[in-house]
Amino acid sequence: MQEGPAPLPTPSQASPHPPLQESPRGTSSSSDPHSSQHPSSFARISEFVPLPFVHMEAPVYLKGGSRKGPTLRECVLLHAVSRLALHPHITNIQASWVKMGPQKAAALLNSGCNDMGGVLMNESITRAAGATHGQELDASCMMDIITAAGRHPVQRTTPYSLPPEEQPPTGGAGTQGAGNK
């Protein structure tokens with residue numbers, strides 16, 4: 001007689017990493033794996049940012065060790081499933097305009113993403129891998145892209161709060177719209 005599949009491990013059994021704990025500055029850090037404090041899973045993770053593989057000049061791709069990066073459809077599916085699977089534990093799903101380009105990243109705003117990330121002046125890693133984007137996207141361009149996608153741009157701080165009213169728009173851009181908090 002065959003038994004069914006083995007039960008899935010609990011998160012503490014499945015992860016090779018120690019649990020996260022609150023650090024004095026409010027960011028996540030590794031804790032002692034033997035500590036008696038085990039915070040709830042995902043409680044201190046502010047966003048999930050799937051980063052698609054940029055293959056064009058990546059050494060592993062050039063040596064035949066990988067396939068091309070994901071298709072737009074694969075990226076849409078990953079971001080949409082991330083929204084469904086991680087909610088309500090992680091409520092911010094970010095599209096990487098640096099990896100995908102601004103227009104493809106904006107398409108993800110209708111697929112579960114509520115964040116376009118921040119403005120960037122001079123990104124080099126993605127460009128070295130062959131991407132043609134990742135340079136000079138200022139706040140006004142970011143807002144135009146979000147608005148064109150049918151969303152309302154909202155500036156945010158790194159820990160996902162609203163900046164002081166006197167601060168000019170220069171940082172990260174979240175969105176407000178149906179289905180996202």
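## A walk from D138 into the core

Start by selecting D138 and S140: their side chains are joined by a polar contact of 2.9 Å. Keep in mind as you go that this is a predicted model.

**Stay on D138.** Show the cartoon, and you will find D138 in the loop between strand 4 (135–137) and helix 7. Is D138 buried, partly exposed or exposed? Its relative accessibility is 40%, and because the partly exposed class runs between 20% and 50%, D138 counts as partly exposed. Now add V119 to the selection. V119 and D138 are 19 residues apart along the chain, yet their C-alpha atoms are separated by 5.5 Å.

**Step back to Q135.** This residue is found in strand 4. With a relative accessibility of 28%, Q135 also counts as partly exposed. Keep V119 on screen here: the C-alpha atoms of Q135 and V119 are 9.1 Å apart, with their positions 16 residues apart in sequence. Next, show what surrounds Q135. Leaving aside residues up to four places away in sequence, Q135 touches W97, L120, M121, N122, E123 and R127. Zoom in on E123, where the backbone oxygen lies 2.9 Å from the side chain of Q135.

**Follow W97 inward.** W97, a contact of Q135, also belongs to the largest nonpolar core. Which members of this core touch the most other members? Select A95, W97, L109, C113, M116 and M142 to see them, out of 19 residues in the core. Then colour helix 3 (72–86), helix 4 (97–100), helix 5 (102–107) and helix 7 (139–148), the elements that each give two or more residues to this core. In soluble globular proteins, nonpolar side chains tend to be buried together.

**Look at a charge and a ring.** Select R156 and Y160. R156 lies over the face of Y160, at 4.4 Å from the ring centre. How many aromatic pairs does a search of the whole structure find? The search finds zero.

**Zoom out to the whole chain.** Colour by secondary structure to see seven helices and six strands. Tracing from the N terminus, the order of elements is α-β-β-α-α-α-α-β-α-β-α-β-β. Among contacts with a separation of 6 or more, 52% come from residues 24 or more positions apart. Finally, turn on the surface: the protein chain exposes about 11700 Å², with 59% of it supplied by carbon and sulfur atoms. Of the chain's 181 residues, 33% count as buried.

Definitions and conventions
Residues are numbered from 1 along each chain as its sequence is written. This is a predicted model: local features need pLDDT of at least 70, side-chain atom pairs count only at pLDDT 80 or more; totals for chains, interfaces and linings use all residues. Side-chain values use heavy atoms; hydrogens and water are left out. A nonpolar core is a set of buried Ala, Val, Leu, Ile, Met, Phe, Trp, Tyr and Cys residues joined through side-chain atoms within 4.5 Å. Buried means under 20% relative accessible area, exposed over 50%, partly exposed in between (1.4 Å probe, protein chains only). Helices (H or I, at least four residues) and strands (E, at least two) are DSSP runs, numbered from the N terminus. A polar contact is a pair of N or O atoms within 3.5 Å; within protein, one must be able to donate a hydrogen and the other to accept it, and residues adjacent in sequence count only if both atoms are side-chain atoms. Contact means heavy atoms within 4.5 Å. Accessible areas come from the Shrake-Rupley method with a 1.4 Å probe; for residues, only the protein chains shown count as cover. Rings of Phe, Tyr and Trp (its six-membered ring) pair if their centres lie within 6.5 Å; planes under 30 degrees apart count as stacked, over 60 as edge-to-face and the rest as tilted. A charge sits over a ring if NZ of Lys or CZ of Arg is within 6 Å of the ring centre and within 35 degrees of the ring normal.
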